[in-house]
Amino acid sequence: MEENNYLPFRSEVIDIIRHTKLEYTFKMAYNGAVLPGQFFEVSIPGFGEAPISVSGIDSGSVDLTIRRVGNVTGELFTRRPGGALFMRGPYGNGFAVGDYAGRELVVIAGGTGVSPVRGVITHFASQNSDAKKLTVIAGFKTPEDILFRKDFEAWKKRAAVILTVDKDEGNGGYPVGLVTEYIPKLDIQDLNTAAAIVVGPPPMMRFSTKGLIERGFKESNIWISQERRMCCGIGKCGHCKVNEVYICLDGPVFNFSRGRHLID
Amino acid sequence: MGYILSKEGLNKILSALSKEYMIFAPKIFENGNKFSDLPLVRYGRVNSVDEIAFDAKSSNSFKETFMPISQTLFFFTEDAVKEADSPLAGQKGAIVFLRSCDIHALKRLDEIYLNNSEADYYYKRVRDKIKFVLLPCKEPFASCFCVDMQSNKTESYDASVEIDGENTVCIDCKNHEWDCFFKEAAQKVLPVTPSFVVETKTRVSVPEQLSAAQATALGFWAEYDGRCINCGRCNFSCPTCTCYTMQDLFYSDNGRAGERRRVWASCMVDGFTDVAGGGAYRKKNGERMRFKALHKVLDFKQRFGYTMCVGCGRCDDICPEYISFSTIINRLSGEVTQNGGE
């Protein structure tokens with residue numbers, strides 16, 4: 001008999017990093033192959049399961065950055081290091097970093113949309129980066145909502161980083177405005193090969209991809225990652241189906257030349 | 001091999017088989033209908049031939065016999081999970097009586113649960129132990145459109161059982177394990193071809209040239225915003241719908257233990273696309289109708305090479321707003337043809 005693909009395994013909470021009041025990163029014990037942009041079904045028995053994308057990969061652990069917005073995620077915030085969660089996965093295709101090697105790369109992310117691309121940015125912002133040039137444009141609601149502050153500081157050393165907020169009532173010192181404002185100003189040498197990744201709320205993705213096309217990016221050089229409800233992760237439950245595509249199997253990462261034709 | 005036997009002969013065989021198999025067939029439940037004083041035809045356990053509704057169409061399909069509306073996947077405590085036993089544990093298996101369109105629908109269930117990436121553990125565990133018996137259709141029911149959906153004929157069955165006259169049963173057996181039973185009870189051994197429908201009153205024309213973008217742009221979907229009440233009965237009665245939602249529950253007398261279930265879900269019902277934080281897709285009923293219709297006649301075909309809808313007409317029979325899916329297919333076809341296709 002085949003393995004039971006619905007039974008979750010127990011995984012220890014190694015550490016919890018608090019970013020904001022609503023967003024924590026859970027460092028979970030995990031040994032196995034995993035790519036940025038893939039996701040796990042994380043569960044607390046009694047509260048249910050939720051698909052959570054991988055925001056970091058280390059030897060022996062994965063980071064799951066979770067926003068406290070639902071039943072499952074609310075309960076997750078009661079957990080402490082040393083405790084455990086149940087998980088199954090990883091699921092989905094994830095980002096293939098090889099797609100972006102040797103190119104100018106622009107990553108545009110909004111809010112928790114930074115999580116699935118954090119691994120890609122870290123890869124190309126590292127000392128032995130094989131990207132020609134890396135630009136990161138990230139948007140958050142307010143300065144208090146900014147995630148991965150330390151990472152942004154580190155990425156600045158090797159990447160052009162633009163951090164914007166929608167609203168700043170205090171004096172956070174961040175530019176106020178939308179990520180899309182920075183797209184026309186992008187300094188790109190070779191539009192034939194320049195690549196872009198866009199992850200965030202649906203309206204932000206719609207206007208960012210539109211902006212990139214107007215800036216001269218080729219449709220086939222843009223990648224997006226989609227968020228949908230998913231109860232199984234293995235193409236059965238049907239919640240994430242859009243057209244002939246199952247986001248959990250064929251995505252969540254799509255080349256825009258395919259992704260733009262998906263109609264909910 | 002074909003056999004002619006009497007009802008008593010078949011009853012003996014059913015009785016013998018029921019020692020090893022759970023047997024499910026459409027049954028009449030008197031006064032069970034949503035309209036008063038009318039019978040409901042639905043699947044249930046049977047042990048004899050007279051319990052089987054040979055001349056009626058079940059309102060819900062065969063799928064509820066082995067894909068239950070609510071199915072426990074595992075039990076949990078705070079620290080451990082334990083797989084739920086198979087409903088067929090201790091049984092050799094189950095036998096399900098069903099119609100030709102339903103056998104075609106079974107192929108679609110298998111496509112999702114066995115072939116669309118890895119096989120579903122719970123589905124396969126039960127599916128491997130089920131035998132299927134064809135209930136041939138001499139005549140179509142009013143809402144059936146199996147001929148146009150090419151689901152009126154099948155050869156994928158373990159046996160077919162057809163009643164001819166008062167006390168004659170015609171069997172076509174393809175499962176060699178069962179030949180011994182039929183040989184013993186047979187009055188005659190001769191080739192038997194099950195009846196199948198060649199013409200239906202309800203006709204549909206599935207548009208050949210269709211794209212999701214083109215179909216989405218059509219205005220008539222908005223008519224269903226008000227007419228459809230998103231009750232989801234069309235999905236629940238459909239033999240090809242496979243969607244489900246996970247549901248966890250705690251036991252009231254032990255808050256630290258509970259179980260995870262999966263329950264049938266419907267793309268027409270509120271909450272189907274809800275994501276954490278309040279996001280949702282397809283908020284209007286018309287958009288959901290378009291999504292469902294295109295899944296049945298376009299998306300599934302693009303992915304797997306054949307149409308999902310099998311034309312059983314159950315969604316038309318059950319809709320409390322009298323929305324007809326066959327009419328939707330024809331409207332879609334008409335609009336596409338009118339606009340010249342792509």
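A:Asp63 and A:Arg118 form a salt bridge in this predicted model, with their closest N and O atoms 3.2 Å apart. Across the interface of domain 1 and domain 2 of chain A, the rule finds one salt bridge. Five residue pairs, both members at pLDDT 80 or more, are in polar contact across that interface. On the domain 1 side, strand 2 (23-29), strand 3, strand 4, strand 5 (61-67) and strand 6 of chain A each give two or more residues to the surface that touches domain 2. Strand 4 of chain A gives the most, with six residues. By residue type, the domain 1 side divides into five nonpolar, eight polar and six charged.

**How the two domains of chain A sit together**

Let us step back to the division itself. Chain A is split into domain 1 (9-91) and domain 2 (97-260). Their C-alpha centres lie 21 Å apart, and the contact takes 19 residues from domain 1 of chain A and 20 residues from domain 2 of chain A. The area buried between these domains is about 1500 Å², and carbon and sulfur atoms give 57% of it. Which residues of domain 1 of chain A lose the most area to domain 2 of chain A? They are A:Pro36, A:Phe39 and A:Ser55, which together account for 27% of what the domain 1 side buries.

**Where chain A meets chain B**

Now for the partner chain. The size of an interface is often given as the accessible area lost when the parts come together. Chain A and chain B bury about 3900 Å² between them, with 57% of that on carbon and sulfur atoms. The contact involves 41 residues of chain A and 48 residues of chain B.

How many salt bridges does the rule find across the interface of chain A and chain B? There are five. One of them is the pair A:Arg10 and B:Asp79, whose closest N and O atoms are 3.3 Å apart. The rule also finds 28 residue pairs in polar contact between the two chains, both residues being at pLDDT 80 or more. Several elements of chain A supply at least two residues each to the side that touches chain B: strand 3 (39-44), strand 4 (48-58), strand 6 (84-91), strand 13 (245-246) and helix 5 (247-250). The chain A side divides into 18 nonpolar, 10 polar and 13 charged residues.

**Backbone details worth a look**

Most residues other than glycine have a negative phi, and most peptide bonds are trans. Here are three places to compare with that pattern.

| Feature | Place | Angle |
|---|---|---|
| cis peptide bond | A:Gly89 to A:Pro90 | omega near 5° |
| cis peptide bond | A:Gly251 to A:Pro252 | omega about 5° |
| positive phi, not glycine | B:Asp37 | phi near 65° |

A:Pro90 is found in strand 6 of chain A, an element that contributes both to the side of domain 1 touching domain 2 and to the side of chain A touching chain B. A:Pro252 lies in the loop between helix 5 and strand 14 (253-255) of chain A. In chain B, B:Asp37 is in the loop between strand 2 (21-29) and strand 3 (40-45).

**Confidence**

Where pLDDT is low, the predicted coordinates should not be read in detail. For chain B, the mean pLDDT is 94, and 99% of its residues reach 70 or more. For the complex, the predictor gives an ipTM of 0.93 and a pTM of 0.94.

Key: Residues are numbered from 1 along each chain as its sequence is written. Chains are lettered from A and ligands numbered from 1 in the order in which they are written. This is a predicted model: local features need pLDDT of at least 70, side-chain atom pairs count only at pLDDT 80 or more; totals for chains, interfaces and linings use all residues. Side-chain values use heavy atoms; hydrogens and water are left out. Contact means heavy atoms within 4.5 Å. Buried area is the accessible area (1.4 Å probe) that two parts lose on being put together, summed over both. A salt bridge is a side-chain nitrogen of Lys or Arg within 4 Å of a carboxyl oxygen of Asp or Glu. A polar contact is a pair of N or O atoms within 3.5 Å; within protein, one must be able to donate a hydrogen and the other to accept it, and residues adjacent in sequence count only if both atoms are side-chain atoms. Helices (H or I, at least four residues) and strands (E, at least two) are DSSP runs, numbered from the N terminus. Ala, Val, Leu, Ile, Met, Phe, Trp, Tyr, Cys and Pro count as nonpolar, Asp, Glu, Lys and Arg as charged, and the others, Gly among them, as polar. pLDDT is the predictor's confidence in each residue, from 0 to 100. Domain bounds come from an automatic or database domain assignment.
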